[in-house]
Amino acid sequence: MLSGTRLDRGAFVAVDIETTGSRPGIHSIIEIGAVRIEGGRLVASFAALVAPNDPVPPAVEALTGITREILLGAVALPEALEAFRDFAEGAVLIAHNHRFDLGFLDYESEVMWGRAFPRPVLDTLSLANRLHPEDDRHNLRDLAARYATSSTPTHRALADARAAGEVFLAMTPALEARGLRTAADVAAFCGMAGQGSLAKALPLTTRLPDARGVYVFRDAEGRVVHVGRAKNLRIKVRS
């Protein structure tokens, strides 16, 4: 079980993605970057440019430097995602603002394999909020500066993943000083203890339409416990 992964000697993978927008299923992943941590050290890296299904907006090109020309030789998403899954096998995922990165990765994993990525997933943003509540900002660039990481975030997936991984390693002594020893301990500290149950339910939402509508939640006996309206059914129910 990944929840029992030890901070001092377990396997972790920090991941970052670049996309054409903010909506999984509508926008595309264009880059995946990751670093693998074992025994408290960065031991391997992964990077893939991914061919998108929609145009790369000029704002994204300006922010990331990833142009349509650069993506001409990119691999298809299924190939990239399968390679990343193999790279991350047996490791606890880490992301900065995991809701964005895992929102895309989970959705595409559900489409391909019918399941979200394994939990727990740890979040350096959530950790920063709890370890440094006195700070006004906890973006990855600020955290990289605070912890003097060797990698500088650049809005490219591998550089940002490496920075997130180094930030996590720099946070580990403070986490252990609080008595946290495992990935499950850290997830609970982040307020993310129930994410395993959520991840198991996410595939129920994968095929919901990106459209206005009404949704109904029922309990095990079929009784209606909630009725809601949404501008986008899939995004609302996944939330």
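**Figure 1. Strand β2 and its two partner strands.** Eight bridges join strand β2 to strand β3, and these two strands run antiparallel. The model shown here and in the following views is a predicted one. Across the pairing of β2 with β3, Val35 stands opposite Ser45, which belongs to β3. The hairpin formed by β2 and β3 has two residues between the strands, and within this hairpin Gly39 takes a positive phi near 60°. Strand β2 also pairs with strand β1 (residues 11-19), again in the antiparallel sense, over nine bridges. In this second pairing, Ile17 stands opposite Ile32 of β2. Strand β2 comprises residues 29-38, and nine of its ten residues are buried, so the strand is largely enclosed by the rest of the structure.

**Figure 2. The buried and exposed sides of helix α2.** Helix α2 spans residues 77-87, and its buried residues include Leu77, Ala80, Leu81, Phe84 and Phe87. These residues lie on the same side of α2, because they cover an arc of only 120° around the axis. An α-helix has 3.6 residues a turn, so residues three or four places apart point the same way. On the other side of α2, Glu79 and Asp86 are exposed. The cover over the buried residues of α2 includes strands β1, β2 and β3, together with β4 (92-95) and helix α3 (98-113).

**Figure 3. The surroundings of Ala51.** Ala51 is placed in the loop between strand β3 (41-49) and helix α1 (58-64). Is this residue buried, exposed or partly exposed? Its relative accessibility is 30%, and Ala51 therefore counts as partly exposed, a class that lies between under 20% for buried and over 50% for exposed. When its neighbours within four places in sequence are left aside, Ala51 is in contact with Ala74 and Val75. The view also relates Ala51 to Ile70: the two are 19 residues apart in sequence, and their C-alpha atoms are 9.8 Å apart in space.

**Figure 4. A nonpolar patch on the surface.** Val214, Val216, Val224 and Val227 make a nonpolar surface patch of about 330 Å². The elements that give two or more residues to this patch are strands β6 (213-218) and β7 (224-230). Val224, one of the residues of the patch, is found in strand β7. Because its relative accessibility is 46%, Val224 counts as partly exposed.

Technical notes:
Residues are numbered from 1 along each chain as its sequence is written. This is a predicted model: local features need pLDDT of at least 70, side-chain atom pairs count only at pLDDT 80 or more; totals for chains, interfaces and linings use all residues. Side-chain values use heavy atoms; hydrogens and water are left out. Patches are made of residues with over 30% relative accessible area and no salt bridge: like charges are joined within 9 Å, nonpolar side chains (Val, Leu, Ile, Met, Phe, Trp, Tyr) within 5 Å. Accessible areas come from the Shrake-Rupley method with a 1.4 Å probe; for residues, only the protein chains shown count as cover. A salt bridge is a side-chain nitrogen of Lys or Arg within 4 Å of a carboxyl oxygen of Asp or Glu. Helices (H or I, at least four residues) and strands (E, at least two) are DSSP runs, numbered from the N terminus. Buried means under 20% relative accessible area, exposed over 50%, partly exposed in between (1.4 Å probe, protein chains only). Contact means heavy atoms within 4.5 Å. Two strands pair if DSSP finds at least two bridges between them. The arc is that of the directions from the helix axis to the C-beta atoms.
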